[in-house]
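The following report introduces one molecular structure to a reader who has not met it before. It takes up one chain as a whole and then turns to a sheet in another.

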Amino acid sequence: MQNFKNSKLFGFMILAVMVLFFYALFKFLTPTNFGSPANLYSYFQSSIIYSVGGCGLYFIVVMGLFDFAVGANIVLSSIVGVILSEKFGYIGFIVGCLGCGTLIGLLIGFLYNQLNVPSMIVTVGLMLVFESLAVFVAGGVKQTLDPSLRFFSGAPGNIILAFLAFALMWFILNYTKIGTYCNAIGSNEFIAKNMGIDVKKYKLIGFMLLHFFVGIMAVLTVSYGTTMTALTGMSTMSRNFQPLMGTFFGVAFRKYGNPISAIVIGEFIIAIIFNGFVALGAPTTIQNVVTGVALLLIVTLTARGKRGSVVK
Amino acid sequence: MNSENILLKAEGIDKHFGITHAVDHVSLNISRGEIRALIGENGSGKSTFCQMLCGIYKKDSGTFTLDGQVMNVKNQVEANNMGVSIIVQEMGTLSGLSVAENIFLGHENPFMHRGIKNTRAMIHEAQRLLDEYGFKNIRAGSMIDNYKFEDRKLVEIVKATYMKPKILIVDETTTALSQHGRRELYNIMNAVRDDGRSVIFISHDLGEVLEHCDTISILRDGEYIDTVNASDVNEDDLKRLMVGRDIGSAYYRTDYGREISSEVVMSVRDVSVPGQIENISFDLHRGEILGFGGLSECGMHEVGKAVFGASWDRKGNVTLSYGVEINSIPQAIYHSVAYASKDRDNESIILNESIRNNIVLPSLNNLANKHILSRRKLNRFAKEFADKMQTKMQGIHQFVSDLSGGNKQKVVLARWLGKGSDILVLDSPTRGIDIKVKQAIYALMSELIAQGKSIIMISEEIPELLGMSDRILIMKDGKINGEFMRSESLNEEDLIAKMV
């Protein structure tokens, strides 16, 4: 029984029960506006965009780091991708988004290692820089993706790209040293160093991987929305949190050995809750309150420490 | 010693931590096929010496030569690759990783092919090793977090020995293991020796050292003292070599037949903690040392937590003489109850804080003047009690993490002395502590009961229970199974009969 309670299947069952619970709840409250197969498909399509970012964030959150520049990078990479797509088509679009994203990750990781200050401080500072850089690159103009380049705006393009990203994440976690070393660094950096792990190198790789996934998220985001406008004054901050919620699910369900499915299903649960409130006609503020509370409840019920244990 | 038979040659190994000379030009040789104990008081430099050998610390000067090859390793993996591995005193496995990932951490290359890890092969190989060692209940593919401390120690043993190191260092590991785990470890040590390789064994348990080691090297204050054959010495000889003088008779209390006050200072009634202890009832008297003994998992450690209000799901009553019930830690501290946990580093001390801040912590309310704290007053207070405990330190602002186990325990006791606690719950007060500090702690305990303070002493060491307690309660399977009064005729067999 104890083995089953620690198994992947058990973790997956908890997630499935949560999906069914929230679906049933909103279906009961608003049977006509919510939860048709077409609706669910639509919720799923919107949630996988955040799931991709959630996968990227997992690499650094599990090491005990944080990144406030995710939103700024989505905007900057989208703008760079759209501008390059005008000249080089799909290749320019994808290479622009992914290349810019990864370079940003490289820069963040490099500065974090060199400055030796907390990741939160480094990324808040760089967020402001990237926001301004995006305005400069876009020339103050809204960037629109050409209609001929919108394969990833809906199914099957978005689903294919997202699932390629999930497969990549699964491969990295299970079949490379990176996944093991990120977990080891998060567990005890001192021991990890003593095991010969180059901690700085793997933190740099963590940031690069995060922002590579952010680059993929940028492709999906600008394809879905078709335009991207550069904003300053920390306006990109709000884009950090939706993918982060999925990451929380991933970290919480890590003990069951299936963080990726937890990120994907977790984002889907958030989407169900969010759209459920939309269907109920609740104001956005209420939706945010309830989504936040639901996240806290879910993570508390699934991942909280034992009573009396220390939680930081 | 035949030079061809020398496996490890340490020459002039030297290390400073700030102004502390932790290892002072130590030179020693270890032969092939021997189990060498390294003993000394806390802070004598034995762990530091070994940690330099396996790359955890960088030495200031000196040379390690292993099998004719000079070692200049920067981390444990490099040391492993040269043939040195270590099992550490505290937790050495990493959460969030599988058992297999822990075993092969830093050594994944045999399972890598063009950057891709063959996870299945890694798990298969880890399981083969676990089965071979007889640890079949541990599954290589499971997360390490699913296993208890002792099983994780067994995983560490596999990790440290599967690659057949030339030198295996076992640093104070046995205290974390049950009898079964200890037996397995001794078997592994013997197998290493029989294979012509060598073991460096660090332990404070001199009986264990004499029983399982061939030779014994003694360090004192960072200096090499001597190496002796285990068959030529006894425990008293070793104590003398470790301390530098005869510590003889003043080790435990010598008083017998002392009248214990009838005044009950703490009354414990029907205390239960689900899955740990059941219906525990006893009275603690003024000026009494009440010993709790039993096998490691008998529940005695939970009793300490329960009476201090640190068990969240405790049932039953813990009542002080003036009727106050203790149900939480703040209540306990407020009403002059102190607790020193067996898990010193995680539950008793704040490692990344100064000695001063550790000592003043529970006394801040008393030291504050209208909520304002005076640094001078705090410094004076901390220094007074650190000095009273004869803490070996650079100053009260030194971080506790730099101290040896014995000195950390002195800081814990200084904290409660400063608080003026009347009831002290001391769980394994001398765990992993050398005889000189032990002697000091025993002397302190005698002084405290003479002042009318009361002590609950939980201990896994039977001689300590017999030597220090006025009364001993033996626990078995979460219940009290026997009670003994202090007596010269009381012996270990009497207690063991009630433990098993």
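## Chain A as a whole

In this predicted model, chain A exposes about 13,900 Å², and carbon and sulfur atoms supply 69% of that exposed area. Of the 312 residues of chain A, 51% count as buried.

Chain A holds 12 helices and 2 strands, and along its sequence these elements follow the pattern α-α-α-α-α-β-α-α-α-α-β-α-α-α. When contacts in chain A between residues at least 6 apart in sequence are considered, 80% of them join residues that are at least 24 apart.

## An open sheet in chain B

Chain B contains an open sheet of 6 strands, arranged in the order β6-β9-β10-β3-β11-β12, and the pairing within this sheet is mixed. The edges are formed by β6 (84–87) and β12 (223–229) of chain B, and because each has a single partner strand, one side of each is left without a neighbour in the sheet. On average, neighbouring strands of this sheet are turned by 20° against each other, with direction ignored.

## The edge strand β6 and its surroundings

Which strand of chain B is joined to β6(B) by 4 bridges? That partner is β9 (residues 167–171) of chain B, and the two strands run parallel. Within this pairing, S85(B) has L168(B) in β9(B) as its bridge partner.

A helix also belongs to this part of the picture, since α5 (residues 149–161) of chain B lies across β6 and β9 of chain B, running at about 175° to β6(B).

Definitions and conventions
Residues numbered from 1 in each chain as written. Chains lettered and ligands numbered in written order. Predicted model: local features only at pLDDT ≥ 70, side-chain atom pairs only at ≥ 80, totals over all residues. Heavy atoms only, no water. Pairing = 2+ DSSP bridges. Axes fitted to C-alpha atoms, helices over the stretch in contact; angles between N-to-C directions. Contact = heavy atoms within 4.5 Å. Buried < 20%, exposed > 50% of the residue type's maximum accessible area, 1.4 Å probe, protein only. Areas by Shrake-Rupley, 256 points an atom, 1.4 Å probe, with all protein chains shown as cover.
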